[in-house]
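Let's take a friendly walk through this structure together. Have the sequence and the 3D view ready, and follow along as each part comes up.

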Amino acid sequence: MSAVTNGDTQPPAIFDSLPYYDNELEQYPVLKEKVEKELAREGKPPQTLHPKVPPAPTLFADHPLLQAELERVSNHQPLPPLDTARYQLPAPSTPENEEEWLEALKNARAQLEHQRLRQTNLALLQQYGPNAWRIHNYLTEASAKNVEKALEDLKTLTVEVNRERKNFQTRLGSQLTSLETRWTELISSILQIEMANVALEVEIDRLNKREVELAAAL
């Protein structure tokens, strides 16, 4: 049995369970049935979080577009369709309208500039893209290796902690078994001594009565 003291003013928590040593549930199936019935009677645990658990952070609080996209994905809503109207070059509906021609000309210039930028970006991608992707892949692989190493270290630490707990509890269990056996032997010895005392008292009473009878006969 051990006590753990936390940083608050609450009393220390006492643990008297040795799960690697206690096997009463396996030895006595009746106890296991009683435990299962008691757990079923208690019902489900509360769904509310512990007061010390901090609230969930608000993601993308400063980015409304990203926050809206996150909500869309959380609600399993499909992506909105692409607006292809700005990529079209419609002719003026009224050929005699000069304003519509100016709008069409403005749209054509915007589409031309867009295509020019696309060509520039493609040229830059062909020139610098492969090396950039190699560097990105290298950094990603390095990050993945670091995460995998941290995971392996954590697994190793977990196994070591469980091994230490098992060895500690097994050692304490052996001591408890030895002490329980010694306690049983002492109780048995005490009972034997008490029975011997009772037998001696009966024998003493018999001898006293015999002495009285012999004294009276004389």
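**A walk along the chain**

The backbone oxygen of Q77 lies 2.5 Å from a polar atom in the side chain of R72, and we will come back to that pair shortly. Before that, please keep in mind that this is a predicted model.

Let's begin with the overall layout. The chain has four helices and two strands, and from the N terminus the elements follow the order β-β-α-α-α-α. The radius of gyration is 43 Å, well over the 17 Å that the globule rule gives for 218 residues, so the chain is more spread out than a compact globule. Its C-alpha atoms fill a box of roughly 160 × 40 × 40 Å along the principal axes. Buried residues make up 4% of the 218 residues. The accessible surface comes to about 20400 Å², and carbon and sulfur atoms account for 61% of that surface. As for how the chain meets itself, take the contacts between residues at least 6 apart in sequence: 30% of them join residues at least 24 apart.

How much confidence does the model carry? The chain averages a pLDDT of 86, and 93% of the residues score at least 70. Confidence is highest in α4, at a mean of 93, and lowest in strand β1 (residues 2–4), at 46. Over residues 1–7 the pLDDT stays under 50, and the model has 13 contacts beyond four places in sequence for this stretch. Where pLDDT is low, the predicted coordinates should not be read in detail.

Now move on to the loop between α2 (29–42) and α3, where you will find F60. The phi of F60 is near 55 degrees, a positive value in a residue other than glycine. Most residues other than glycine have a negative phi. F60 is partly exposed, with a relative accessible area of 38%.

Next comes helix α3 (residues 64–74), which holds R72. Is R72 buried or exposed? Its relative accessible area is 14%, under the 20% cut-off, so R72 counts as buried. Leaving aside neighbours within four places in sequence, R72 is in contact with Q77, P78, L79 and P80. This is where the opening pair fits in: a polar atom of the R72 side chain lies 2.5 Å from the backbone oxygen of Q77.

One of those contact partners, P78, sits in the loop between α3 and α4. P78 is exposed, with a relative accessible area of 68%, whereas R72 is buried. H76 also has its place in the loop between α3 and α4. H76 has a positive phi of about 55 degrees although it is not a glycine. At 72% relative accessibility, H76 counts as exposed.

That brings us to helix α4, which spans residues 98–217. At the start of α4, a side-chain oxygen of N97 reaches to within 3.0 Å of the backbone nitrogen of E99. Further along, where does α4 bend? The bend is at Y128, by about 55 degrees, and a proline, P130, follows within four residues. To get a feel for distance here, compare P130 with P78 in the preceding loop: they are 52 residues apart in sequence, and their C-alpha atoms are 33 Å apart in space.

Q119 is another residue of α4. With a relative accessible area of 57%, over the 50% cut-off, Q119 counts as exposed. Q119 and F60 are 59 residues apart along the chain, and their C-alpha atoms are separated by 33 Å.

Which residues of α4 are buried? They are A104, Q111, G129, Q169 and G173. Let's stop at Q169, which has a relative accessibility of 7% and so counts as buried. Not counting residues up to four places away in sequence, Q169 touches L18, P19, Y20 and Y21. With Y20 there is a polar contact: the side chain of Q169 reaches the backbone nitrogen of Y20 at 2.9 Å.

To close the tour, turn back to two places in your view. At R72, a buried side chain has a polar atom 2.5 Å from the backbone oxygen of Q77. At Q169, in helix α4, the side chain reaches the backbone nitrogen of Y20.

Terms used:
Residues numbered from 1 in each chain as written. Predicted model: local features only at pLDDT ≥ 70, side-chain atom pairs only at ≥ 80, totals over all residues. Heavy atoms only, no water. Bend = angle between axes of the 7 residues up to and from the residue. Buried < 20%, exposed > 50% of the residue type's maximum accessible area, 1.4 Å probe, protein only. Polar contact = N/O pair within 3.5 Å; in protein donor to acceptor, adjacent residues only side chain to side chain. Contact = heavy atoms within 4.5 Å. Rg over C-alpha atoms; globule rule 2.2 N^0.38 Å. Areas by Shrake-Rupley, 256 points an atom, 1.4 Å probe, with all protein chains shown as cover. pLDDT = per-residue confidence, 0-100.
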